[in-house]
Amino acid sequence: MYLSNYHSHCDFCDGRAPMEAFVQAAVDAGFRGYGISSHSPLPFDAPCAMSAGRVGEYLAGIERLKREYAGRIELYAGMEIDYINEEHGPSTTYFQELPLDYRIGAVHYVTHPSSGRLMDIDGKEERFRSALAEIFDGDLEGLVDAYYDASERMIARGGFDFIAHLDKVAMNAERVNPSITGTRHYRDRLMAYLEEIAARGLMIEINTKAYPALGILFPRQEYLKRVLELQIPVIVNSDAHFPLAINEGRREALEILRATGFRHVTCLEAGAWTRIYLDN
Ligand SMILES: [Zn+2]
Ligand SMILES: [Zn+2]
């Protein structure tokens with residue numbers, strides 16, 4: 001199996017080990033390529049994000065590892081960049097000028113359309129529930145709409161290589177209302193988003209982070225048929241926060257992709273996004 005991962009955290013953000021521990025785990029497991037993609041600095045204090053003052057050290061650390069591990073694994077400097085608004089996102093000058101090998105576009109923070117307050121859609125259920133009550137006045141459908149609105153604005157601006165966990169909001173939203181993703185409204189929004197992604201020629205990841213615990217991928221398995229029909233290139237990533245998790249869910253995700261009819265996934269080879277055929 002061709003082993004690679006381009007969505008991975010480390011102790012520059014909320015990852016639980018130094019970047020070298022992830023790289024060593026990847027070498028030990030026989031990975032061909034590995035990218036580190038800490039959470040980008042944010043325009044407000046957040047414990048999950050890298051501080052702007054450490055970005056230079058982060059990039060220098062990856063460069064040092066590239067030299068040390070040359071010939072054993074292809075290493076890449078990435079960043080999971082939050083789209084917050086027009087002033088802060090993957091397309092903004094600051095992120096475009098960073099010497100990164102690739103950029104991931106992600107939405108974790110959603111703006112309430114009238115108050116302008118930001119809500120984190122990721123993380124623990126209790127925190128999600130209290131933020132939903134406080135910031136969105138309990139309006140779950142409003143939050144889901146604001147999430148897909150932000151996602152659509154992000155892809156309209158571009159500036160990234162692929163989209164992270166495109167339906168991440170579903171995880172916590174379903175904990176509040178298990179039938180939300182089964183509604184016509186939700187499905188229409190998700191499908192419209194996929195069509196927009198395809199129309200713009202963008203790539204997405206198949207994020208396996210929740211697979212071991214919840215048996216779900218981002219995007220959900222049920223949408224993969226449409227992803228295939230729309231010919232959206234897919235990159236399988238573990239979004240690992242622990243070195244032991246770098247390969248979690250990969251084999252299962254590849255089996256699901258194969259069973260759905262996918263013939264290839266996309267990986268970085270010598271710095272270029274390249275099709276890798278699943279029968280290899
Ligand atoms: Zn993320
Ligand atoms: Zn991540």
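Colleague: Hello! How much area does the protein expose, and what share of it do carbon and sulfur atoms supply?

Modeller: The protein exposes about 11900 Å², and 49% of that comes from carbon and sulfur atoms. Such accessible areas come from the Shrake-Rupley method with a 1.4 Å probe; for residues, only the protein chains shown count as cover. Please keep in mind that this is a predicted model: local features need pLDDT of at least 70, side-chain atom pairs count only at pLDDT 80 or more, and totals for chains, interfaces and linings use all residues. Residues are numbered from 1 along each chain as its sequence is written, chains are lettered from A and ligands numbered from 1 in the order in which they are written, and side-chain values use heavy atoms, with hydrogens and water left out.

Colleague: How do you know that the radius of gyration agrees with a compact globule?

Modeller: The globule rule is 2.2 Å times the number of residues to the power 0.38, and the radius is taken over C-alpha atoms. For 280 residues a compact globule would come near 19 Å; the protein has 18 Å, so the two agree. Along the principal axes, the C-alpha atoms fill a box of roughly 55 × 45 × 35 Å.

Colleague: What are the protein donors of the zinc ion (ligand 2)?

Modeller: They are His7 (NE2), His9 (NE2), Glu80 (OE) and Asp239 (OD), at 2.1 to 2.3 Å from the ion. These distances fit the definition: donors are N, O and S atoms within 2.8 Å of the metal (3.2 Å for Na, K and Ca), and sites may look incomplete because water is not among the atoms.

Colleague: Why is the arrangement of the four donor atoms around the zinc ion (ligand 2) irregular?

Modeller: Four donors are tetrahedral if all angles lie between 85 and 135 degrees; four are square planar, and six octahedral, if opposite donors are over 155 degrees apart and all others between 65 and 115; anything else is irregular. Here the angles are 80 to 163°, which makes the arrangement irregular.

Colleague: Which parts does the pair of His7 and Asp239 tie together?

Modeller: His7 lies in the loop between strand E1 (4-5) and helix H1 (19-28), and Asp239 in the loop between strand E9 (234-237) and helix H10 (250-260), so the pair ties together parts 232 residues apart in sequence. The element names follow DSSP runs: helices are H or I with at least four residues, strands are E with at least two, and the numbering starts from the N terminus.

Colleague: Which residue coordinates both zinc ions?

Modeller: Glu80 does, and the ions are 3.4 Å apart. The zinc ion (ligand 1) has Glu80 (OE), His108 (NE2) and His165 (NE2) as protein donors, 2.1 to 2.2 Å away. Glu80 is in strand E3 (residues 74-82), whereas His108, 28 residues apart from it, is in the loop between strand E4 (104-106) and strand E5 (109-111).

Colleague: What makes Arg220 count as buried?

Modeller: Buried means under 20% relative accessible area, exposed over 50%, and partly exposed in between (1.4 Å probe, protein chains only). Arg220 has 7%, so it counts as buried. Glu80 and His108 are both buried too, as are His7 and Asp239.

Colleague: And why is Leu214 called partly exposed?

Modeller: Its relative accessible area is 42%, which means Leu214 is partly exposed. Leu214 lies in helix H8 (residues 211-214). It touches Met171 and Arg175, leaving aside residues up to four places away in sequence; a contact here means heavy atoms within 4.5 Å.

Colleague: In what order do the seven strands of the open sheet come?

Modeller: The order is E1-E2-E3-E4-E7-E8-E9, with parallel pairing. E1 and E9 are the edge strands, each pairing on one side only. Two strands pair if DSSP finds at least two bridges between them. Two bridges join E1 to E2 (residues 33-39).

Colleague: What is unusual about the phi of Ala270 for a residue other than glycine?

Modeller: Phi of Ala270 is positive, near 50°. Ala270 is found in the loop between E10 and E11, and with a relative accessible area of 72% it is exposed. Asp137 also has a positive phi, of about 50°, although it is not a glycine. At 70% relative accessibility, Asp137 counts as exposed.
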